[in-house]
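Trainee: I would like a close look at a single part of this model, together with the contacts that tie that part to the rest of the chain. Please take one helix and work outward from there.

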Amino acid sequence: MHYKNFTAYQHGTEPAVGVLLTNLGTPDAPTKEALKPYLKEFLEDPRVVEPPPARWLWKLILNGIILNTRPAKSAEAYQEVWGHYGDGSPLLDIGNKQLEAVKQKVSQHFQGRVEFALGMRYGNPSIPDALKSLQERHVQKLVVLPMYPQYAGATTASTFDAVTNELRQWRWVPEFRFIKSYHKHPGYIKALANSIREHQAEHGEPDLLVMSYHGIPQRYYNNGDPYACECRATSRLVAEELGLGEDDYLVSFQSLFGKEEWIKPYTDATLKSLPAKGVKHVQVICPGFSADCLETIEEIDQENREYFEEAGGEQYSYIPALNFRDDHTDMLSELVLQHTQGWPERDGFDAEAAKKERAIQAQRAQEVEQSLLDQFGEEIIYPQGKKHLG
């Protein structure tokens, strides 16, 4: 294997702590041509679609059927949401705003150098490219925050795979911390509750609050994935924070794919059934999404709204994701700070003493080089070329 390193080690270089925020990803454009490679990367991930023992069968279905039909349909959906929060993909636009807010808040607590990057599991900016940019900024300690509140193999573990697959190719790997989930974090629960209170202050209290999460296949749950349990724990804590009773809210799961059974109840079927039960006013929130995207804007705020109204529902509103709200980015920043405790760049860091030590290291390196010149007078080969010492 060829191990990656962008330059020869330079004594005296100030090291940095790196903060990598990640999310699921987005196509480069809302077009069939852009969707095909994006969906291929997504659906070829064995964490997302755990294939049958005959893996060749899934590849045949994917490449022969799905990638020849689904990109055009998905492109139409992306065209509906493109530019919803800025100039392009909502997930990327919001992600950049979240990154900037976290950068401003976390940097205040560091006396040493701290660098930030955003990486997407699928599409661009990719996780490998984001990590490379941190490597080029001399990051020697790294904390990774996947923006998935609840752990799932298809999201959080897949992100871990992408990060570690890149790092295992580095010649000099950084000290590494990975934030697995934050589904019960008090700041996260309070931010969700605040967003619901603010929405209801404007739109009134509904007959029912629906908390909808992205689904996973039932067999993933049966095989030990804790995702559904963490979703229900989040909902219970939000309900407690709001003082809701058991009949005031329900948990459901959306975004089904394929023909196998997924965890239930399904959001679309639930919303279709509610008006017949006397529920005429619903509000829907998606606590598993840290940023609005296709699954919240198009699927929940548009498609599922139609299901509810066509079934006889009278009032329907979607409560936006936390996105770049201050209380949300405060919580994300707190997570980063909690997971960087003990690193000297944060705690008791003497910037002037560190600068002097780097100067000493650089001087000693020059003395060693000069000694080699005096003794051997020969060429020393560096990755970027040859330096003649004779």
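Mentor: What follows is an account of helix α8 and its partners, with a short look at another helix afterwards. The model is predicted, and every value below is computed from it.

Start with the core. Helix α8 spans residues 227–242 and supplies six residues to the largest nonpolar core, the largest share of that core. This core has 64 residues, and those touching the most other members are L145, Y227, F253, L271, L274 and V282. Y227 lies within the range of α8, residues 227–242. F253 touches Y227, A228, C231 and R232. Other contacts of F253 include Y213, H214 and G215, as well as I263, K264, P265, Y266 and T267.

Q150 also reaches this helix. Q150 sits in the loop between β3 (139–146) and α5 (153–167). With a relative accessible area of 2%, Q150 is buried, because the cut-off for burial is under 20%. The side chain of Q150 makes a polar contact with the side chain of T234, at 3.1 Å. Among the residues that Q150 touches are Y227, E230, C231 and T234. The contacts of Q150 further include T155, T156, S181, H183, Y188, Y213, P287 and G288. Y227 and C231 thus appear among the contacts of Q150 and among those of F253.

Next come the charged residues of the helix. Side chains of opposite charge can pair when their charged atoms come close. E241 takes part in two of the pairs described here, one with K190 and one with R197. In the salt bridge between K190 and E241, the N to O distance is 3.5 Å. This pair links distant parts of the chain, with K190 in helix α6 (residues 186–203) and E241 in helix α8, 51 residues apart. For the salt bridge of E241 with R197, the closest N and O atoms are 3.7 Å apart. Here too distant parts of the chain are linked, R197 being in helix α6 and E241 in helix α8, 44 residues apart. The three residues are partly exposed: K190 at 43% relative accessibility, E241 at 30% and R197 at 37%.

A further salt bridge stays within the helix. The side chains of R236 and E240 meet at 3.4 Å, N to O. Both residues lie in α8, four residues apart, which is about one turn of the helix. R236 is partly exposed, at 40% relative accessibility. Elsewhere, K105, D326 and D330 are joined into one network by salt bridges that share partners. The count for the model comes to 17 salt bridges.

For another helix, take α1. Helix α1 covers residues 32–43, 12 residues in total, and reaches 16 Å from its first C-alpha to its last, close to the 16 Å expected. Its buried residues are A34, L35, Y38, L39 and L43. They lie on the same side of α1, because they cover an arc of only 135 degrees around the axis. The buried residues of α1 pack against β1 (16–26), α2 (55–81) and β2 (113–123). L39 also belongs to a second, separate core of 17 residues, which includes V48, V49 and L62.

Conventions. Residues are numbered from 1 along each chain as its sequence is written. This is a predicted model: local features need pLDDT of at least 70, side-chain atom pairs count only at pLDDT 80 or more; totals for chains, interfaces and linings use all residues. Side-chain values use heavy atoms; hydrogens and water are left out. Helices (H or I, at least four residues) and strands (E, at least two) are DSSP runs, numbered from the N terminus. The expected span of a helix is 1.5 Å times one less than its number of residues. Buried means under 20% relative accessible area, exposed over 50%, partly exposed in between (1.4 Å probe, protein chains only). The arc is that of the directions from the helix axis to the C-beta atoms. Contact means heavy atoms within 4.5 Å. A polar contact is a pair of N or O atoms within 3.5 Å; within protein, one must be able to donate a hydrogen and the other to accept it, and residues adjacent in sequence count only if both atoms are side-chain atoms. A nonpolar core is a set of buried Ala, Val, Leu, Ile, Met, Phe, Trp, Tyr and Cys residues joined through side-chain atoms within 4.5 Å. A salt bridge is a side-chain nitrogen of Lys or Arg within 4 Å of a carboxyl oxygen of Asp or Glu. Lists of a residue's contacts leave out its neighbours within four places in sequence.
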